[in-house]
Amino acid sequence: MEPDSLPTELILTHPPQTIGNVQLDWIPQPGNYLDFKGKTYTVLERRHRYCLKSGRYRLHKIALYVQSSGHPSEKSLLQGRWVIGDASCYFNAHSELIRCAVNPDGPCDSCRFYEPLKTATN
């Protein structure tokens, strides 16, 4: 094992099953996308698994709970992080995982529910 790589188990959330194990040189956060065996997955949750060695707990591996998805075509930069969809819409969830409540599958550009955010000057 390379010193900077972490053993990572990929677990599909629905239906719950392990889809594989990989060595990652980065730590995916919920909302990140991961390509594995030609498919794209969204990271929903990350759990650390530890083992006790020589009286100390050490990180043993990481479990990533993922769901199958594609890269979103619409993203907005909001306060230093990427969110799905048009962040200027009132209904946007400002989330890396879900676009909005009224049109979660998008697209934003032709959504009949689009309503601009109300600012302090409006």
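This passage walks through a predicted model, starting with its strands and ending with its empty spaces.

The main sheet comes first. Five strands make up an open sheet, and reading across it the order is β2-β1-β5-β4-β3, with mixed pairing. The two edge positions go to β2 (17-24) and β3 (33-36); each has a single partner strand, so one side of each has no neighbour in the sheet. Going from one strand to the next, the twist averages 40°. As background, strands in a sheet pair through backbone hydrogen bonds, and they can do this in a parallel or an antiparallel way.

At the β3 edge, the partner is β4 (residues 39-53), and the two strands run antiparallel with 4 bridges joining them. Two of the matched positions can be picked out by name. Tyrosine 33 stands opposite threonine 42 in β4, and leucine 34 has tyrosine 41 as its bridge partner in that strand. Between β3 and β4 there is a hairpin with 2 residues between the strands. One residue to look at here is lysine 37, which lies in the loop between β3 and β4. Lysine 37 has a positive phi of about 50°, although it is not a glycine. This lysine counts as exposed, because its relative accessibility is 72% and the cut-off for exposed is over 50%.

Something similar turns up at the other end of β4. Serine 54 sits in the loop between β4 and β5 (56-68). Serine 54 is not a glycine either, yet its phi is positive, at about 55°. With a relative accessibility of 75%, serine 54 counts as exposed.

The loop between β1 (6-12) and β2 has its own oddity. Proline 15 is found in this loop, and the peptide bond leading into it from histidine 14 is cis, with omega near -10°.

Next comes a second pair of strands, β6 and β7. They pair in the antiparallel sense over 4 bridges, and one of the matches puts serine 76 across from its bridge partner valine 83 in β7. These strands also form a hairpin with 2 residues between them, and glutamine 79 in the turn has a positive phi of about 50°. In general, side chains in a regular strand alternate between the two faces of the sheet. Strand β6 (residues 75-78) shows this nicely: Ser76 and Leu78 point to one face and are buried, while Lys75 and Leu77 point to the other face and are not.

After β7 (81-84) comes a segment that holds asparagine 103. Is asparagine 103 buried or exposed? It counts as buried, because its relative accessibility is 17% and buried means under 20%. The side chain of asparagine 103 reaches the backbone oxygen of proline 107, at 3.3 Å. Glutamate 115 is also found in the segment after β7, but this residue is partly exposed, with a relative accessible area of 29%. Glutamate 115 and asparagine 92 are 23 residues apart in sequence, and their C-alpha atoms are 9.5 Å apart in space.

That leaves the empty spaces. Rolling a probe the size of a water molecule over the atoms shows where empty space is left. How many cavities of 30 Å³ or more does a search of the whole structure find? The search finds 1, and its volume is about 80 Å³. Asparagine 103 and proline 107 both help to line this cavity, and other lining residues include Asp86, Phe91, Asn92, Arg99 and Tyr114. Several cysteines are in the lining too, namely Cys89, Cys100, Cys108 and Cys111. By type, the lining residues divide into 8 nonpolar, 2 polar and 2 charged.

The largest pocket has a volume of about 200 Å³. There are 14 residues in the lining of this pocket, and Tyr33, Gln67, Ile84, Leu97 and Ile98 are the ones nearest its centre. Tyr33 has already come up as the residue opposite threonine 42 in β4. The lining of the largest pocket divides into 7 nonpolar, 4 polar and 3 charged residues.

Technical notes: Residues numbered from 1 in each chain as written. Predicted model: local features only at pLDDT ≥ 70, side-chain atom pairs only at ≥ 80, totals over all residues. Heavy atoms only, no water. Pairing = 2+ DSSP bridges. Axes fitted to C-alpha atoms, helices over the stretch in contact; angles between N-to-C directions. Buried < 20%, exposed > 50% of the residue type's maximum accessible area, 1.4 Å probe, protein only. Polar contact = N/O pair within 3.5 Å; in protein donor to acceptor, adjacent residues only side chain to side chain. 1 Å grid on protein atoms, 1.4 Å probe; cavity = no way out; pocket = protein on both sides within 12 Å on 5 of 7 lines; lining within 4 Å. Points joined across faces, edges and corners; volume = space filled by probe spheres on them. Nonpolar A, V, L, I, M, F, W, Y, C, P; charged D, E, K, R; others polar.
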